[in-house]
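Here is a run of questions on why features of a model carry the labels they do. Each answer sets a value against its criterion.

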Amino acid sequence: MVGTINPELYKFLEDTSETDFPEGCLGRLWFSLEYQQEAERLLVGLIKARRLQGPSETCSPLVKLHLLPDERRFLQSKTKRKTSNPQFDEHFIFQVSSKSITQRVLRFSVYHVDRQRKHQLLGQVFFPLKNETLAGDCRRLIWRDLEAESLEPPSEFGDLQFCLGYNDCLRRLTVVVLRAKGLQLQEDTSFVMAVSNGGPGAQSGPCPPSQTSHRPEAGPRPLLPAHGLHCPAGVCVKVSLMNHNKFVKCKKTLAVLGSANPVYSETFSFKADPAELDTASLSLTVLQGAEGEKSHALGRVVVGPYMYARGKQLEHWNEMLSKPKELVKRWHALCRTTEP
């Protein structure tokens with residue numbers, strides 16, 4: 001009625017993050033992020049985890065935090081005893097320059113600690129630090145489901161993980177480039193890794209074993225490479241849409257510097273009519289090269305119908321078509337290519 005208040009308009013959306021878990025979920029992790037531009041500090045709040053799938057009924061989890069591509073240094077939470085739903089409420093600081101922050105990926109590795117103090121990996125969360133995540137010097141609360149570690153060894157030229165999806169109503173083909181592993185990088189001594197901050201406090205040479213991990217309360221050392229360190233050039237992924245083996249359109253991810261296991265999490269969309277899917281294909285090429293120089297192809301994978309693909313590549317394409325409006329995720333081995 002006119003002049004009365006409709007209570008339905010004032011209801012808050014219900015938070016279902018602790019109730020809606022997908023089938024086969026390994027657990028869910030909540031954390032917060034804030035980047036302080038002036039101090040060049042990344043503040044990470046490790047909040048909680050829920051429904052962790054431990055090896056037995058009792059689970060004693062801890063979390064290690066890496067700021068990739070630095071695999072050597074990490075921060076670590078306290079171990080929570082006998083709980084699959086730990087409440088951490090711990091805070092960590094990474095010193096990282098504003099120039100390199102968007103090239104970094106935050107990795108949370110959740111472990112179960114047994115009675116012999118051995119660590120068993122339960123799952124991981126990879127979170128690329130993009131501009132939109134860090135804008136505004138404000139604290140963001142985020143949750144992500146754990147991913148299982150890939151137990152298969154890398155292929156000869158490395159592997160690429162990506163999602164495929166097709167929306168027939170919108171006539172849109174979607175590709176989400178997630179990450180790569182085991183890439184055979186080409187050493188380029190003329191290229192100095194752009195993420196190097198090389199300040200007066202930067203150290204060269206290997207860290208002593210006692211300095212490779214840090215207690216949160218002690219505060220981390222700056223996670224910076226050595227001053228003037230020569231590292232491989234940046235690696236990106238070029239996604240090309242082909243039709244009848246003719247080029248239609250291509251898009252590229254941002255380059256990730258100095259890592260054989262880069263993380264991207266970038267989404268691309270292409271217009272494609274349903275009738276074109278029988279003659280269309282996608283070529284994903286991993287490229288390495290310094291800015292302004294010719295790129296070197298590290299490997300390629302082609303997915304599409306039977307005309308262009310076989311095996312896992314064909315299966316991925318067919319599964320995408322059988323699950324409209326869903327994103328289908330898979331790993332693929334890269335093959336050597338002569339593409340420039």
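Q: Which residues lie nearest the centre of the largest cavity, and how many line it?
A: This is a predicted model. In it, 13 residues line the largest cavity. Thr102, Gln103, Lys130, Val256 and Val263 lie nearest its centre.

Q: What makes this space a cavity, with its volume of about 80 Å³?
A: A cavity is a set of points where a 1.4 Å probe fits but cannot get out. The search of the whole structure finds two cavities of 30 Å³ or more. The largest has a volume of about 80 Å³, and the second largest about 40 Å³.

Q: Which strand gives the largest share of the lining of the largest cavity?
A: Strand 14, residues 263-271, gives the largest share, with three residues.

Q: How do the lining residues of the largest cavity divide by class?
A: Eight are nonpolar, two are polar and three are charged. Among those nearest the centre are Lys130 and Val263. Lys counts as charged and Val as nonpolar, so each falls into a clear class.

Q: What lines the second largest cavity?
A: Leu68, Pro69, Gln103, Val105, Val256, Ser259, Asn261, Pro262 and Val263 do. By class, six are nonpolar, three are polar and none is charged. Leu, Pro and Val count as nonpolar, whereas Gln, Ser and Asn fall among the polar residues.

Q: Why is the space of about 590 Å³ called a pocket?
A: A pocket is an open set of points with protein on both sides within 12 Å along at least five of seven lines, and therefore the name applies where that test is met. The largest pocket has a volume of about 590 Å³. Of the 21 residues that line it, Phe126, Pro128, Arg144, Leu178 and Ser265 are the closest to its centre.

Q: Which elements each supply at least two residues of the lining of the largest pocket?
A: Strand 7 (119-128), helix 1 (131-134), strand 8 (140-145), strand 9 (159-167), strand 10 (172-181) and strand 14 do. The largest share, four residues, comes from strand 7. By class the lining has 10 nonpolar, three polar and eight charged residues.

Q: What is known of the second largest pocket, of about 310 Å³?
A: It is lined by 18 residues, and Gln124, Phe126, Arg179, Lys181 and Asn261 are the closest to its centre. Strand 7 and strand 10 are the elements that give two or more residues to this lining. Strand 10 gives the largest share, three residues. Eight lining residues are nonpolar, four polar and six charged.

Q: How do you know that strand 12 and strand 15 pair?
A: Two strands pair if at least two bridges are found between them. Strand 12 (residues 235-243) and strand 15 (residues 280-288) have nine bridges, in the antiparallel sense. One of the bridge partners is Ser281 in strand 15, which faces Met242 in that role.

Q: Why are strand 13 and strand 16 edge strands?
A: The open sheet has four strands in the order 13-12-15-16, with antiparallel pairing. Strand 13 (246-252) and strand 16 (296-303) each have a single partner strand, so one side of each is left without a neighbour in the sheet. The twist averages 25° from one strand to the next.

Q: Where does helix 2 lie?
A: Helix 2 (residues 311-322) lies across strand 15 and strand 16. Its direction runs at about 55° to strand 16.

Terms used
Residues numbered from 1 in each chain as written. Predicted model: local features only at pLDDT ≥ 70, side-chain atom pairs only at ≥ 80, totals over all residues. Heavy atoms only, no water. Axes fitted to C-alpha atoms, helices over the stretch in contact; angles between N-to-C directions. Contact = heavy atoms within 4.5 Å. 1 Å grid on protein atoms, 1.4 Å probe; cavity = no way out; pocket = protein on both sides within 12 Å on 5 of 7 lines; lining within 4 Å. Points joined across faces, edges and corners; volume = space filled by probe spheres on them.
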